[in-house]
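Here are some notes to read alongside the structure, written for someone meeting it fresh. Keep the view open and work through the points in order.

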Amino acid sequence: MAASGTLSTFRLPPLPTIREIIKLFRLQAVKQLSQNFLLDLRLTDKIVRKAGNLTNAYVYEVGPGPGGITRSILNANVAELLVVEKDSRFIPGLKMLSDAAPGKLRIVHGDVLTYKVERAFPESLKRRWEDDPPNVHIIGNLPFNVSTPLIIKWLENVSCRDGPFVYGRTQMTLTFQKEVAERLTASTGSKQRSRLSVMAQYLCHVQHILTIPGRAFVPKPEVDVGVVCFTPLTQPQIQQPFKLVERVVQNAFQFRRKYCYRGLGMLFPEAQRVESTEKLLELADVDPTLRPGQLSVAHFKSLCDVYRKMCDEDPRLFTYNFREELKQNKSNNQEKEKDPERSRR
Ligand code: SAM
């Protein structure tokens, strides 16, 4: 491990290229696992530079695969790099890298969706939330079907200050399908504005820092890729539990093209829908004829604060699910159709 404060720089010794590693260990991408590799080390260097100064940093790389980004991180003079890879075929190639960087690379064969990184790095790295971010970074090029649920999970961790955020405001640099990267960073009123934009932006400063053309990957994915950096805010813009915010935002975006009162109405049982939606929008001072994409984070803050008060007054609201009510109504109607006599009794 590099001692902090030293000026020594680390460079990996000459190694086989990533293409050679893929051949040597027969690491053909598995299509079902959406594996797309970056072989160009100039590009992986560029991604890693975008993550900021990693000197003496503790880095958690998710899904290292054949190790392109891994090499760039090791060459950035980090104190330690922890990689978590699900596919066992990649472990021998990663071990070769670990031998070339003694004491710097820790390999875990596991799943990033369940791995507990909160115990992985020294306690001494912890910073108070209000302080500058700790010298802990998350970097990863994951399959798209993993990166979206993972970012939702990590945003919840940001809100609870647990998981990778027990160290403080840990920064993340992650790849997404370009369209998802655009949604994550979309401003109020833009075409890509969505549930993800609000959920990410109320908790983090979010930047789409780089677009990588699909042709840079092997095999080439159908779409281009966006690299997004997240830095948790010292003060979340909405100070309500994550699940409550998620519920309000999800409902608001239910009917994207309609006025926002339509989706927000789904927060309330049918019998009180009109009245409660009017109350919510009036107390939150939100124009009911705005479309969901025109609602700013400040609008969502007022909506969540008022909705919270309404839930406190009537706790059944928080567990209300309009789909269940619909299902229940449907099955009651079917019962009536089958046996009109019985339903009259
Ligand atoms: N980082 C490498 C690169 O840029 O060339 C590989 C990228 S490939 C898109 C995604 C990698 O994540 C694969 O190595 C895959 O096996 C791994 N992976 C997929 N799901 C994972 C999970 N749940 N936990 C850990 N690794 C995962």
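1. How many helices and strands does the secondary structure of the protein come to? There are 14 helices and nine strands. Do keep in mind that this is a predicted model.

2. Let's start with the overall frame. Taken along the principal axes, the C-alpha atoms fill a box of roughly 80 × 45 × 35 Å. The protein has 345 residues, and 39% of them are buried. If you look at contacts with a separation of 6 or more, 67% of them are between residues 24 or more positions apart.

3. Now the domains. The protein is divided into domain 1, covering 18–232, and domain 2, covering 242–332. Their C-alpha centres lie 34 Å apart. Where the two touch, domain 1 puts in 12 residues and domain 2 puts in 11.

4. Stay with that contact and look at it from domain 1. Two elements give two or more residues each to this side: α5 (144–160) and α7 (195–201). The largest share comes from α7, with four residues. Sorted by class, this side of domain 1 has four nonpolar, five polar and three charged residues.

5. Helix α8 is worth a click too; the helix spans residues 242–252. Its buried residues are V245, R247, V248, V249, N251 and A252. What do they pack against? The buried residues of α8 meet α7, α9 (260–264) and α11 (297–313). So α7 turns up twice here, because this helix gives four residues to the side of domain 1 that touches domain 2 and is also packed against by the buried residues of α8.

6. Next, the sheet. Seven strands form an open sheet with mixed pairing, in the order β4-β3-β2-β5-β6-β9-β7. Which strands sit at the edges? Those are β4 (105–109) and β7 (204–212), each pairing on one side only. On average, neighbouring strands of this sheet are turned by 20 degrees against each other, direction ignored.

7. For a closer look at one pair, try β5 (residues 136–140) and β6 (residues 171–177). These strands run parallel and are joined by four bridges. One residue to pick out is H137, whose bridge partner in β6 is Q171.

8. Two helices lie across strands you have now met. Helix α4 (residues 91–100) lies across β3 and β4, and runs at about 165 degrees to β4. Helix α5 lies across β6, β7 and β9 (225–232), at about 150 degrees to β6.

9. One residue of α5 deserves a point of its own: C160 is found in that helix. Is C160 buried or exposed? C160 counts as exposed, because the residue has 12 C-beta neighbours inside 10 Å. C160 and P241 are 81 residues apart in sequence, yet their C-alpha atoms are 8.4 Å apart in space.

10. Last comes the ligand. It is surrounded by 24 residues, and the closest are G63, G65, K86, D87 and N141. The elements that give two or more residues to this shell are β1 (37–38), α3 (68–74) and β3 (80–85). As for the make-up of the shell, 14 residues are nonpolar, six are polar and four are charged. Strand β3 is a good place to finish, as a contributor to the shell and a member of the seven-stranded sheet.

Definitions and conventions
Residues are numbered from 1 along each chain as its sequence is written. This is a predicted model: local features need pLDDT of at least 70, side-chain atom pairs count only at pLDDT 80 or more; totals for chains, interfaces and linings use all residues. A residue is near a molecule or strand if its C-beta atom, placed from the backbone, lies within 6 Å of it. Ala, Val, Leu, Ile, Met, Phe, Trp, Tyr, Cys and Pro count as nonpolar, Asp, Glu, Lys and Arg as charged, and the others, Gly among them, as polar. Domain bounds come from an automatic or database domain assignment. Two residues are in contact if their C-beta atoms, placed from the backbone, lie within 7 Å. Two strands pair if DSSP finds at least two bridges between them. Axes are lines fitted to C-alpha atoms, for helices over the stretch in contact, and angles run from 0 to 180 degrees between N-to-C directions. A residue is buried if 20 or more other C-beta atoms lie within 10 Å of its own, exposed if 12 or fewer, and partly exposed in between; C-beta atoms are placed from the backbone.
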